[in-house]
Amino acid sequence: MDLPRNLHDCYFFYYSTCKKGTSCEYRHEPAALGHEKTCKMWAEGKCYNRTCTMRHMKIQSPRSATPCFWEDQPGGCRKPHCVFQHKNARPNQPTTSNVGVPVQPAPAPMPPRLPI
Ligand SMILES: [Zn+2]
Ligand SMILES: [Zn+2]
Ligand SMILES: [Zn+2]
């Protein structure tokens, strides 16, 4: 691929915020922001269209379709709300992320109404 840098999508522009703004040497194309398809021509190094609405980067698969790296590690995944894909359903354990939040007592169950 010998395309100039301004024909490759800026990772930061598409996935977070590019602090370089207009001085960034990589491509910032708002029209391509919502697209999830990689430009085939770009993949072949042939797309010279700076305003191409297809993406000029390899698209990351959605995180929910990406297997969780930590699940296979010793200790497993400890993220309470892991967005990555898990092979095994995780038990709904109470997490430490609630520390500091006042725990409200569960409301007492209403007594059953007696028929009059
Ligand atoms: Zn950029
Ligand atoms: Zn293109
Ligand atoms: Zn996980």
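A helix here is a DSSP run of at least four residues, numbered from the N terminus.

**Figure 1. The whole protein in a predicted model.** Two helices and zero strands make up the secondary structure. The protein has 116 residues, and buried residues account for 10% of them. Now take the contacts between residues at least 6 apart in sequence. Of these, 18% join residues at least 24 apart.

**Figure 2. Close-up of residues 4-31, a span annotated in UniProt.** An unreviewed UniProt entry labels this span "zinc finger region: C3H1-type". The label "domain: C3H1-type", also from an unreviewed entry, covers residues 4-31 too. The span is 18% helix and 0% strand. Its end C-alpha atoms lie 19 Å apart.

**Figure 3. Close-up of Arg-27 in its loop.** The loop runs between helix H1 (11-15) and helix H2 (40-43). Is Arg-27 buried or exposed? Count the other C-beta atoms within 10 Å of its own: there are 23. A residue is buried if that count is 20 or more. Arg-27 is therefore buried.

**Figure 4. Close-up of the residues that Arg-27 touches.** Leave out residues up to four places away in sequence. Arg-27 then touches Asn-6, Leu-7, His-8, Asp-9 and Cys-10. Arg-50 and His-56 are also touched by Arg-27.

**Figure 5. Close-up of Arg-27 and Pro-4.** How far apart are Arg-27 and Pro-4 in sequence and in space? In sequence, 23 residues separate Arg-27 from Pro-4. In space, the C-alpha atoms of Arg-27 and Pro-4 are 9.7 Å apart.

Definitions and conventions:
Residues are numbered from 1 along each chain as its sequence is written. Chains are lettered from A and ligands numbered from 1 in the order in which they are written. This is a predicted model: local features need pLDDT of at least 70, side-chain atom pairs count only at pLDDT 80 or more; totals for chains, interfaces and linings use all residues. A residue is buried if 20 or more other C-beta atoms lie within 10 Å of its own, exposed if 12 or fewer, and partly exposed in between; C-beta atoms are placed from the backbone. Two residues are in contact if their C-beta atoms, placed from the backbone, lie within 7 Å. UniProt positions are given in the numbering used here, feature names are shortened, and annotations may be inferred rather than shown by experiment.
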